[in-house]
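Subject: Handover of a structure

Hello,

Here is the structure I promised to pass on. Please have a look first, then read the notes below.

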Amino acid sequence: MRFKKFLKYLLFLCLIVSVGFLYSFSSVRNQQKKIHEIDIKMEAGTSHFLNEAMVNKLLIQNNKTVKNQAKSSLNLYGLETYVSKNPYLEKASVFLTIHGKLKIVVRQRTPVVRIVDKDNSYYVDKQGVKFPLSEHFSARVILVSGAEKEHEMNELMPLIRIILEDNFLQKEIVSIEKFDDGEVQFAVRSGEYKIDFGNLTEIDTKFKKLKVFYNNTFSDKTIQNYKIINVKYHNQVVCTK
C-alpha cells in the first residue's frame, strides 16, 4: 500500500515536471519567434497629421525596423513610450499577438484652435495641449490671436467649447481676436463684418442675442450693410456701418 502511494506521488510529480518543461519549452520557442507582420490601426477621427507609413517609421530603432526581430528582443513598453512622444498623437498602444504580429493602435490629436502670433503658430487640442503645425495636413479650425500666454488661452477655452458645441457657431466663426483689455472680437464666414463680443461674461446670453439678430437680418441681407455688430451691451445689439 505504501509503495503504491509512493508511486502515485512520483507519477504526479513527473506529470508536474513534464508540464512545466513543456510550458517552458513552448514559452522559449514563442519568444524566439520573429515579428512577421506589423498591423497599424488609426482610430477614427478628423485629423490626418500622420498616416500609416509615418507611424511605421516611428518603429525604426537604431536604424533597424522591428519587423523580423525576435519577440524576446522587443521592448514593448519602451516602444510604446517612444511612439507616444510624437506630438501629433494623443495615445498609442503597442502589443504582440501570440502569432507574432505587432499591433499598434494610435489616436491622433484633435485640434480645436490654431494660435497665431507674430513669432509662432501652433494648434491646441481639446485637452488644451499645444502641438506644432504640420507640413502634411492643415486642420480647418478657429484661428486665435492675442492669446499667446497659457493663462490667456485657458480663459478663452470655455468660449471656444461653447462655439464648438453649437453647429451654427462652429461653421460661422472663423477667428477670435483677444485684446489687452480682455474683450474679444470675431471674424465670421458669412460676411466682411466683425462681431464685438466684449468680455467673457454672459456668454450664452450674448450668443442668443446674436442669433436673434441674425434671424432678423439674414433673410433681407441687411446684415451685409454693417462693418461692426456689437453684442456686448445689455439687451441690445449696436451696429456700425
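Contact here means heavy atoms within 4.5 Å. Among the contacts in this chain between residues at least 6 apart in sequence, 52% join residues at least 24 apart. Please keep in mind that this is a predicted model.

**Overview**

The chain holds 6 helices and 12 strands. It has 241 residues, and 32% of them are buried.

**The sheet of three strands**

One open sheet has 3 strands, in the order β1-β3-β2, with mixed pairing. β1 (37-42) and β2 (89-96) stand at the edges. Each has a single partner strand, so one side of each lacks a neighbour in the sheet. On average, neighbouring strands here are turned by 15 degrees against each other, direction ignored.

β1 pairs with β3 (residues 101-108) in the parallel sense, over 6 bridges. In that pair, Ile38 stands opposite Leu102 of β3. Helix α3 (residues 76-84) packs on this sheet and touches β2 and β3. The direction of α3 makes about 160 degrees with that of β2.

Tyr77 lies in helix α3. Is Tyr77 buried or exposed? Tyr77 has a relative accessible area of 65%, and exposed means over 50%, so Tyr77 is exposed. Tyr77 and Ser93 are 16 residues apart along the chain, and their C-alpha atoms are separated by 9.3 Å.

**The sheet of nine strands**

Another open sheet has 9 strands. Their order is β6-β5-β4-β7-β8-β9-β10-β11-β12, and the pairing is mixed. β6 (130-132) and β12 (238-240) are the edge strands, and each pairs on one side only. Neighbouring strands of this sheet are turned by 25 degrees against each other on average, direction ignored.

At the β12 edge, strand β11 (residues 228-230) runs antiparallel to β12, joined by 3 bridges. The bridge partner of Asn230 in β12 is Val238.

Two helices come next. α4 packs on the sheet and touches β4, β5, β7, β8, β9 and β10. The direction of α4 makes about 155 degrees with that of β8. α6 packs on the sheet too, touching β8, β9, β10, β11 and β12. The direction of α6 makes about 150 degrees with that of β10.

**Strand β7**

β7 pairs with two strands that I looked at. β4 and β7 run parallel, joined by 4 bridges. Val113 has Ile142 as its bridge partner in β7. β7 also pairs with β8 in the parallel sense, over 3 bridges. There, Val144 stands opposite Ile176 of β8.

Side chains alternate along β7. Ile142 and Val144 point to one face and are buried. Leu143 and Ser145 point to the other face and are not buried.

**The nonpolar cores**

The largest nonpolar core has 31 residues. Which of them touch the most other members? They are Val113, Val144, Leu159, Ile176, Phe186 and Phe207. The elements that each supply at least two residues of this core include β4 (111-116), β7 (142-145), α4 (150-165), β8 (173-178) and α6 (203-218). α4 gives the most, with 6 residues.

Leu159 shows how far the contacts reach. Leaving aside neighbours within four places in sequence, Leu159 is in contact with Ile176, Val184, Phe186, Phe197, Leu200, Ile203 and Phe207. Apart from this core lies another, of 20 residues, among them Val83, Tyr88, Ala139 and Val141.

**Helix α4**

The buried residues of α4 are Glu152, Met153, Leu156, Met157, Leu159, Ile160 and Ile163. An α-helix has 3.6 residues a turn, so residues three or four places apart point the same way.

α4 bends by about 35 degrees at Met157. A proline, Pro158, follows within four residues. What span should the 16 residues of α4 have, at 1.5 Å a residue? They should span 22 Å, and the end C-alpha atoms are 22 Å apart, which agrees.

**One loop residue**

Glu202 sits in the loop between β10 and α6. Its phi is near 50 degrees, a positive value in a residue other than glycine.

Best wishes

Methods
Residues are numbered from 1 along each chain as its sequence is written. This is a predicted model: local features need pLDDT of at least 70, side-chain atom pairs count only at pLDDT 80 or more; totals for chains, interfaces and linings use all residues. Side-chain values use heavy atoms; hydrogens and water are left out. Two strands pair if DSSP finds at least two bridges between them. Axes are lines fitted to C-alpha atoms, for helices over the stretch in contact, and angles run from 0 to 180 degrees between N-to-C directions. A nonpolar core is a set of buried Ala, Val, Leu, Ile, Met, Phe, Trp, Tyr and Cys residues joined through side-chain atoms within 4.5 Å. Buried means under 20% relative accessible area, exposed over 50%, partly exposed in between (1.4 Å probe, protein chains only). The expected span of a helix is 1.5 Å times one less than its number of residues. The bend at a residue is the angle between axes fitted to the seven residues ending there and the seven starting there.
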